[in-house]
Amino acid sequence: MEQRQYLKDFIRYASLNVLGMVALSCYILADTFFVSQGLGANGLAALNLAIPVYNFIHGSGLMLGMGGAIKYSVYRSQGNFRKTDAVFTNTVTLALGFALCFVCAGLFLSGQIAALLGADAEVFSMTNTYLKVLLLFSPAFLMNDVLICFVRNDGAPRLSMMGMIVGSLSNVVLDYVFIFPFGMGIFGAVLATGLAPVISICVMSVHFIKKRNQFHFQKGRPSLGASGNILSLGVPSLVTEVASGVVIIVFNGILLSLKGNVGVAAYGVIANLSLVVVAIFTGVAQGMQPLVSDAYGRGRKKDSLKFQRFGAVSVTALAAVVYMIVAFWAEPVASVFNSEGNPVLQEIAAGGLRLYFIGAFFAGINIVLVHFFAAVEKAAPAQIISLCRGIFFIIPAAFLLSSALGITGVWLAFPAAELLALLLGLLLYRRNRKVLSLPVSESEI
């Protein structure tokens with residue numbers, strides 16, 4: 001009976017969060033589709049060059065939101081509401097600091113960032129416009145990510161999911177309206193993306209209006225120690241997002257040398273679909289996190305391992321479904337984003353999809369392991385797996401395999417890196433499992 005209830009709770013949290021995360025990932029996917037239809041290959045290339053900055057903003061928001069929410073869940077399960085308020089206050093203060101840095105970058109450095117990302121004369125103007133507006137909307141992105149995590153961990157996963165979905169749907173609608181009827185081009189695409197988190201925050205404000213929130217803003221100076229704990233536990237979420245951006249930059253550079261702008265545009269299709277797939281896996285992992293942290297905080301460490309196993313099985317099944325879709329329908333999927341009917345883009349994208357998404361089987365389990373370690377306050381192994389899969393393994397693999405196999409090597413770099421990270425992750429999991437299975441002592445509570 002107890003096992004059935006655990007599974008029911010897992011399905012409730014994970015399914016709602018998957019829906020929300022898929023919707024959140026569609027912020028950029030919607031831009032990709034409408035920009036490809038309205039502005040062609042150059043617009044798609046400009047968007048793909050700017051995506052790493054979105055990854056960094058979103059990653060910073062998830063770092064703060066996940067790190068804060070993990071500590072919040074542990075303190076909430078122990079009934080320590082003074083500390084839950086302190087955690088929320090520190091998280092919001094950190095978000096405001098990050099937002100100030102991003103806004104300043106948007107005001108004064110967008111052109112330099114566009115050039116640094118590789119925008120040439122053909123796509124510089126569009127890339128610069130997208131970056132500037134994206135950075136100016138960073139306060140909304142950051143606060144949206146923070147509230148999504150806290151509202152979900154406050155026992156309202158449905159409202160958190162609704163915020164993400166309504167925000168994403170508004171982005172899709174506004175993308176169409178701004179790009180086509182209003183003819184606003186790339187500015188319309190990024191304006192729609194920037195307004196989406198504002199709408200999502202409005203939806204989640206119901207949690208506060210109806211006074212259902214168990215976290216509050218607390219007067220006083222932020223704690224450096226608490227801020228450090230939040231950042232430490234949230235770093236894996238930042239690394240996951242930032243690594244995506246770093247990988248896109250590296251892959252763009254390699255593909256520019258191999259195939260030019262059309263290669264970058266083809267990778268734009270793969271990269272954006274990958275964002276959605278990773279969002280599905282992240283949705284399962286983040287849905288698992290409140291349950292794992294709650295069980296861990298109450299001293300039920302064996303129960304936290306049960307939720308981890310549910311997560312691993314779920315992402316493996318989802319990876320199989322994703323790869324079947326990609327394997328059998330790569331050409332139709334690629335053609336959706338190929339409005340000009342470019343045969344070179346079509347061939348590169350379709351072939352790349354089949355090779356690149358082999359890595360989905362390994363990436364899903366890696367993401368679950370990272371979130372599990374963070375949820376039980378084991379920051380070090382979570383950070384090690386995140387850094388290795390996101391930077392230390394994939395970047396060397398991209399250069400080595402592309403030099404040996406050309407563009408085929410570029411696509412195989414992702415599955416190779418994820419496989420190596422999985423082997424490392426399983427080793428770390430085996431080393432930590434005995435510790436996690438032991439009953440918690442009173443001093444740990």
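## Phe56 and its ring partner

Phe56 is partly exposed in this predicted model. Its relative accessible area is 36%. Phe102, by contrast, is buried, with a relative accessible area of 8%. Phe102 counts as buried because 8% is under the 20% cut-off. Phe56 is not buried, because 36% lies between the 20% and 50% limits.

A pair of aromatic rings is described by the distance of the centres and the angle of the planes. The structure holds 19 aromatic pairs. One of them joins Phe56 and Phe102. Their ring centres lie 5.6 Å apart, and the planes meet at 85°. The pair is edge-to-face, because 85° is over 60 degrees. This pair also links distant parts of the chain. Phe56 belongs to helix 1, residues 2-77. Phe102 belongs to helix 2, residues 81-108. In sequence, the two are 46 residues apart.

## Other aromatic rings

Which kind of pair do Tyr176 and Phe180 form? Theirs is a tilted pair. The centres are 5.6 Å apart, with 40° between the planes. That angle is neither under 30 degrees nor over 60, so the pair counts as tilted. Tyr176 is partly exposed, at 44% relative accessibility. Phe180 is partly exposed too, with a value of 36%.

Rings can also join into a group. Tyr6, Phe10, Phe307 and Phe310 are linked by ring pairs into a cluster.

## Helix 5 against helix 7

Two packed helices are described by the angle between their axes and the distance between the axes. Here, helix 5 covers residues 138-153 and helix 7 covers residues 185-204. They pack at an angle of about 35°. Their axes are 9 Å apart. The crossing of helix 5 past helix 7 is left-handed.

Which residues make the contact? Helix 5 supplies Ala140, Phe141, Met143, Asn144, Leu147, Ile148 and Val151. Helix 7 supplies Thr193, Gly194, Pro197, Val198, Ser200, Ile201 and Met204. By class, the contact has 10 nonpolar and four polar residues. It has no charged residues.

## Ser138 and Ile186

Ser138 is found in helix 5. Is Ser138 buried or exposed? Ser138 is buried, with a relative accessible area of 0%. Leaving aside neighbours within four places in sequence, Ser138 is in contact with Ile57, Ala99, Phe102 and Val103. Phe102 is a name to recognise: this residue is also in the edge-to-face pair with Phe56.

Ile186 is found in helix 7. Ile186 is buried as well, at 8% relative accessibility. What does Ile186 touch, not counting residues up to four places away in sequence? The list is Val35, Leu39, Met126, Thr129 and Tyr130.

## Sequence distance and space

Compare two pairs of residues. Ile186 and Phe208 are 22 residues apart in sequence. In space they are 35 Å apart, C-alpha to C-alpha. Ile165 and Ser200 are 35 residues apart along the chain. Their C-alpha atoms are separated by 7.9 Å.

Where is Ile165? Ile165 sits in helix 6, residues 157-179. Not counting residues up to four places away in sequence, Ile165 touches Leu19, Gly20 and Ala23. Ser200 is one of the helix 7 residues in the contact with helix 5.

## Cysteines

A disulfide is a covalent bond between the sulfur atoms of two cysteines. How many disulfides does a search of the whole structure find? The search finds zero. Cys149 is buried, at 0% relative accessibility. Cys202 is in no disulfide. The cysteine sulfur nearest to Cys202 is that of Cys149, 18 Å away. A disulfide needs sulfur atoms within 2.5 Å, so 18 Å does not qualify.

## Two positive phi angles

Lys211 is not a glycine, yet its phi is positive, about 55°. Lys211 lies in the loop between helix 8 (206-209) and helix 9 (224-259). Lys211 is exposed, because its relative accessible area of 73% is over 50%.

Glu377 also has a positive phi, near 60°, and is a residue other than glycine. Glu377 is placed in the loop between helix 13 (360-375) and helix 14 (379-392). Glu377 is partly exposed, with a relative accessible area of 28%.

Notes: Residues numbered from 1 in each chain as written. Predicted model: local features only at pLDDT ≥ 70, side-chain atom pairs only at ≥ 80, totals over all residues. Heavy atoms only, no water. Phe/Tyr/Trp six-rings, centres within 6.5 Å; stacked < 30°, edge-to-face > 60°. Helix = DSSP H or I, 4+ residues; strand = E, 2+ residues; numbered from the N terminus. Buried < 20%, exposed > 50% of the residue type's maximum accessible area, 1.4 Å probe, protein only. Axes fitted to C-alpha atoms, helices over the stretch in contact; angles between N-to-C directions. Left-handed = near helix turned anticlockwise from the far one by under 90°. Contact = heavy atoms within 4.5 Å. Nonpolar A, V, L, I, M, F, W, Y, C, P; charged D, E, K, R; others polar.
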